[in-house]
Amino acid sequence: MTDESDAPLSFGIHADTGRPLGDASEGLDATRMHAAEVKLRTLTEAMDRSGDVFGVPSEIDPDNLAEAGWGIIFAAGADPTPYLDAMDELVALRRRQAGEYFRIFSGPDGYRPGETANQWLVRHGSAFTLIDPDSGVPYYLTIVGPPTDVPFEFQYALDIVAAVGRLDFTSLADLSAYARSVVSFENNAALMTRRQIELFATCHDFDRASQLFTKQVAIPWSTGGAKAVPLGKKFGFSLNPTLQEQATKEALTRILNNVGAPPSILFTGTHGMAFSVDDQRQAENQGALVCHEWPGYGGISSEHWFAASDVPADANVHGMIHFFFACYGAGTPEFDNFHFQETQSRIMPKPATSRLPQTLMALPQGGVLASLGHVDRAWASSFQSERGVAQTQGFRDVLGLLMAGQRIGHATNQFNGQWGVLSTELVNMLQEKLYGKAVRESALLAARIARDDCRNYVVLGDPAIKLRPEPRAV
């Protein structure tokens with residue numbers, strides 16, 4: 001891919017080449033794709049009937065865990081004891097809050113290998129259209145463990161109907177640190193974040209993707225543009241932009257090392273690093289954030305990206321939510337989700353959560369309460385229509401709900417509604433092609449990318465956390 005290409009743009013840089021990741025594969029097999037997509041027919045039709053609103057019944061308050069419930073899902077073969085011991089403070093807190101609607105799904109009740117989200121829900125007396133805690137499945141569900149045990153695909157699908165997060169750390173000590181961080185923040189009303197959003201976005205004069213993000217997202221959010229109000233103004237939040245040549249590695253360090261109360265939200269929009277499957281640097285650096293120091297196509301090194309190892313030991317981020325927009329910001333599957341040919345393309349030895357969000361959430365002094373990011377590649381379709389028109393309302397809706405005080409697992413339902421719309425459109429396009437109508441392969445490719453791009457946003461952390469900013473100025 002060249003930067004002049006009009007093909008779908010992803011936001012990742014390959015460590016071997018110092019160049020953007022290649023396009024999604026061409027040569028789509030429409031018949032094979034259709035066979036896979038029609039499996040979603042019942043779900044997408046249900047979305048149409050429900051007006052794309054999924055979640056708990058309308059009479060249940062999603063902010064009240066005593067009504068919505070909270071639960072943990074383990075892999076069926078995992079021993080839950082060490083995990084529950086490590087997060088005992090958080091478990092005790094949520095048990096008190098959720099009361100009769102607190103559940104732990106482990107052993108035979110946990111996720112079984114190869115099980116779909118729908119099969120798991122049906123097995124527990126629920127359905128893939130509506131979560132009712134009275135049926136035995138809480139609305140807020142926390143997957144505990146790595147994606148090798150409970151796959152990302154299960155999380156994507158379950159999140160369509162529930163509010164799902166994942167707790168996956170490299171050690172039980174880090175899991176314990178995260179649990180203590182959430183509990184200490186929720187139990188200490190004096191701890192608050194600044195009523196501020198930090199926006200960090202790169203823009204390189206040689207790179208079309210970062211230029212596009214700056215033009216269609218970063219600058220309009222900062223200034224309000226011709227029609228929109230600046231991001232956060234409606235909720236009494238200020239926005240501090242660190243853009244273009246200011247978006248350096250040192251500047252990101254300063255944002256994390258801020259003096260006083262941390263900002264409520266950090267939104268980073270830039271490329272994420274990608275490494276070859278046999279590269280020893282991959283485990284620690286996949287999804288690291290490319291900064292302004294990147295000198296240009298053809299070369300990139302650790303001096304140019306911000307990785308887990310760059311997080312300051314004394315970072316001041318307790319109570320913050322981090323929204324990553326970057327390839328592999330939240331995690332990487334074993335096989336490329338955007339390689340649509342019959343032969344799979346392996347991109348990691350095994351699926352894994354990214355180290356940077358893990359590190360930010362497990363700081364012993366108190367970390368980020370949750371991270372919202374992308375598994376696999378992130379694409380410009382997240383903020384741009386097929387016709388090249390800016391469409392950032394999905395981002396703004398999620399951020400607005402967080403600023404309004406909603407729990408993160410519920411706030412991200414905005415992505416699920418869009419996912420349903422895009423799924424329906426894709427199935428319809430595939431049917432038209434199979435019926436002999438002229439449907440461009442490039443249009444199918446763009447539709448599939450847009451749909452899965454929306455699907456692949458995940459919450460890392462407890463899905464029931466929410467912001468507690470300082471009081472709004474009168």
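# Structural report on a predicted protein model

The structure holds zero disulfides. The model described here is predicted. Two cysteines may be singled out for their burial: C203 is buried, with a relative accessible area of 19%, and C327 is buried as well, at 0%. The value for C203 leads to that class because buried means under 20% relative accessible area.

## Overall composition

The protein comprises 16 helices and 17 strands. Of its 474 residues, 59% are buried. Among contacts between residues at least 6 apart in sequence, 76% join residues at least 24 apart.

## Strand β7 and its partners

Strand β7 covers residues 194-201. Eight of its eight residues are buried, so that the strand is mostly covered. In a regular strand the side chains alternate between the two faces of the sheet. In β7, one side carries R194, Q196, E198 and F200, the other carries R195, I197, L199 and A201, and all of these are buried, which leaves both faces covered.

Two strands pair with β7. Strand β9 (residues 263-269) does so in the parallel sense over six bridges, and strand β8 (residues 238-243) also pairs in the parallel sense over six bridges. Residue A201 illustrates both pairings: A201 stands opposite G269 in β9 and opposite L243 in β8.

Q196 gives a closer view of this strand. Its relative accessible area is 15%, and the residue is therefore buried. The side chain of Q196 makes a polar contact with the side chain of R194, at 2.4 Å. Beyond residues up to four places away in sequence, Q196 touches F237, S238, N240, P263, S264 and I265.

## Helices α8 and α5

Helix α8 runs over residues 172-187 and has 16 residues. At 1.5 Å a residue the helix should span 22 Å, and its end C-alpha atoms are 22 Å apart, so the expected and computed spans agree. The buried residues of α8 are L175, S176, A177, Y178, A179, S181, V182, V183 and F185. Elements that cover these residues include α4 (81-86), α5 (88-98), β6 (163-167), α12 (355-361) and β17 (457-461).

In α5, the buried residues are L90, V91, L93, R94 and A98. Viewed down the helix axis, these residues fall within an arc of 165°, and they therefore line one face of α5. The cover over the buried residues of α5 includes α3 (65-68), β3 (70-73), α4, β4 (102-105), β6 and α8. Helices α5 and α8 thus appear in each other's cover: α5 is among the elements over α8, and α8 is among those over α5. Just after α5, G99 takes a positive phi of about 60°.

## Selected loop and helix positions

Two residues that are not glycines have a positive phi. Y328 shows a value of about 60° and is found in the loop between β13 (321-325) and β14 (331-332). D376 shows a value of about 70° and is placed in the loop between β16 (370-374) and α13. Y328 is buried, with a relative accessible area of 4%, and D376 is buried, with a relative accessible area of 0%.

G145 lies in the loop between β5 (140-144) and α7 (152-158). This residue is buried, at 3% relative accessibility. Leaving aside neighbours within four places in sequence, G145 is in contact with R166, L167 and D168. The C-alpha atoms of G145 and P80 are separated by 9.6 Å, with these positions 65 residues apart along the chain as the stated separation.

G394 belongs to helix α13 (residues 393-403). In contrast to the buried positions above, G394 is partly exposed, with a relative accessible area of 31%. G394 and F383 are eleven residues apart along the chain, and their C-alpha atoms are separated by 7.8 Å.

The accessibility values of selected residues are collected below.

| Residue | Relative accessible area | Class |
|---|---|---|
| C203 | 19% | buried |
| Q196 | 15% | buried |
| Y328 | 4% | buried |
| G145 | 3% | buried |
| C327 | 0% | buried |
| D376 | 0% | buried |
| G394 | 31% | partly exposed |

Conventions. Residues numbered from 1 in each chain as written. Predicted model: local features only at pLDDT ≥ 70, side-chain atom pairs only at ≥ 80, totals over all residues. Heavy atoms only, no water. Helix = DSSP H or I, 4+ residues; strand = E, 2+ residues; numbered from the N terminus. Expected span 1.5 Å × (residues − 1). Buried < 20%, exposed > 50% of the residue type's maximum accessible area, 1.4 Å probe, protein only. Contact = heavy atoms within 4.5 Å. Disulfide = S-S within 2.5 Å. Polar contact = N/O pair within 3.5 Å; in protein donor to acceptor, adjacent residues only side chain to side chain. Pairing = 2+ DSSP bridges. Arc of directions from axis to C-beta.
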